[in-house]
Amino acid sequence: IEPEAGDEMGLSDLVCLALQNSPNTRESWADARIAAAQYGAGRSAYYPDVTATPWVGSLRQAAFFGRNRITRDQYQDYGPQLRVSYLLFDFGSREASVRSLCEALVAANWTHNNQIQQLIQSVGNDYYGYLAAQEQMEADVANVENAQINLDATEARQIGRASCRERV
């Protein structure tokens with residue numbers, strides 16, 4: 001939402017604008033996403049570890065006959081190499097690690113929600129404070145106008161009494 005000059009904005013527009021521009025909510029959202037990524041990475045401990053690498057191998061044999069060296073390539077081999085490993089029993093450390101990452105994720109989500117709630121409350125308080133100040137200003141202007149009318153009427157009465165006394 002980009003406000004234009006002269007546009008009136010309601011509370012929901014202001015809340016949306018504040019959520020888009022608040023560095024606190026951006027930071028807490030980033031922290032929550034980091035915690036979610038760490039939790040996902042921690043859960044990977046339950047899956048097997050698979051490593052695939054290409055390799056090339058060759059065997060060279062060398063024989064020394066006196067001063068002469070004879071080198072011969074016996075074979076050359078190449079292809080992929082695949083390694084799979086899986087942890088079967090770790091006495092609960094994997095479970096504890098994943099559990100702590102899950103709790104850190106929950107805490108980060110609660111913190112982010114708290115930041116949003118604080119921002120919405122702050123914007124609401126400021127918005128209604130602004131409306132109250134605006135209404136107070138209008139009431140003060142009306143009081144000044146009433147006071148001016150009363151002053152004018154009182155001055156007119158005073159002038160009227162003074163002119164009546166001069167006639168008598």
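This passage describes the fold, the burial of residues and one surface patch of a single protein chain. The model is a predicted one, and its chain of 168 residues contains three helices and two strands, which follow one another from the N terminus in the order α-α-β-β-α.

Across the chain as a whole, buried residues account for 12% of the 168 residues, while the accessible surface amounts to about 13800 Å², with 55% of that area belonging to carbon and sulfur atoms. When contacts between residues at least 6 apart in sequence are considered, 63% of them are found to join residues at least 24 apart.

Some of the buried positions lie in helix 1, which spans residues 11-21 and in which Val 15, Leu 17 and Ala 18 are buried. Viewed down the axis of helix 1, the buried residues fall within an arc of 165 degrees, and they therefore line one face of the helix. As a general matter, an α-helix has 3.6 residues a turn, so that residues three or four places apart point the same way.

A nonpolar patch on the surface, with an area of about 580 Å², is formed by Tyr 86, Leu 88, Phe 89 and Phe 91. Of these residues, Phe 89 is placed in the loop that runs between strand 2 (68-85) and helix 3 (93-167). Phe 89 has a relative accessible area of 60% and is therefore classed as exposed, since the cut-off for that class is over 50%.

Notes. Residues numbered from 1 in each chain as written. Predicted model: local features only at pLDDT ≥ 70, side-chain atom pairs only at ≥ 80, totals over all residues. Heavy atoms only, no water. Helix = DSSP H or I, 4+ residues; strand = E, 2+ residues; numbered from the N terminus. Buried < 20%, exposed > 50% of the residue type's maximum accessible area, 1.4 Å probe, protein only. Contact = heavy atoms within 4.5 Å. Areas by Shrake-Rupley, 256 points an atom, 1.4 Å probe, with all protein chains shown as cover. Arc of directions from axis to C-beta. Patch = residues over 30% accessible without salt bridge, like charges linked within 9 Å, V, L, I, M, F, W, Y side chains within 5 Å. Salt bridge = Lys/Arg side-chain N within 4 Å of Asp/Glu carboxyl O.
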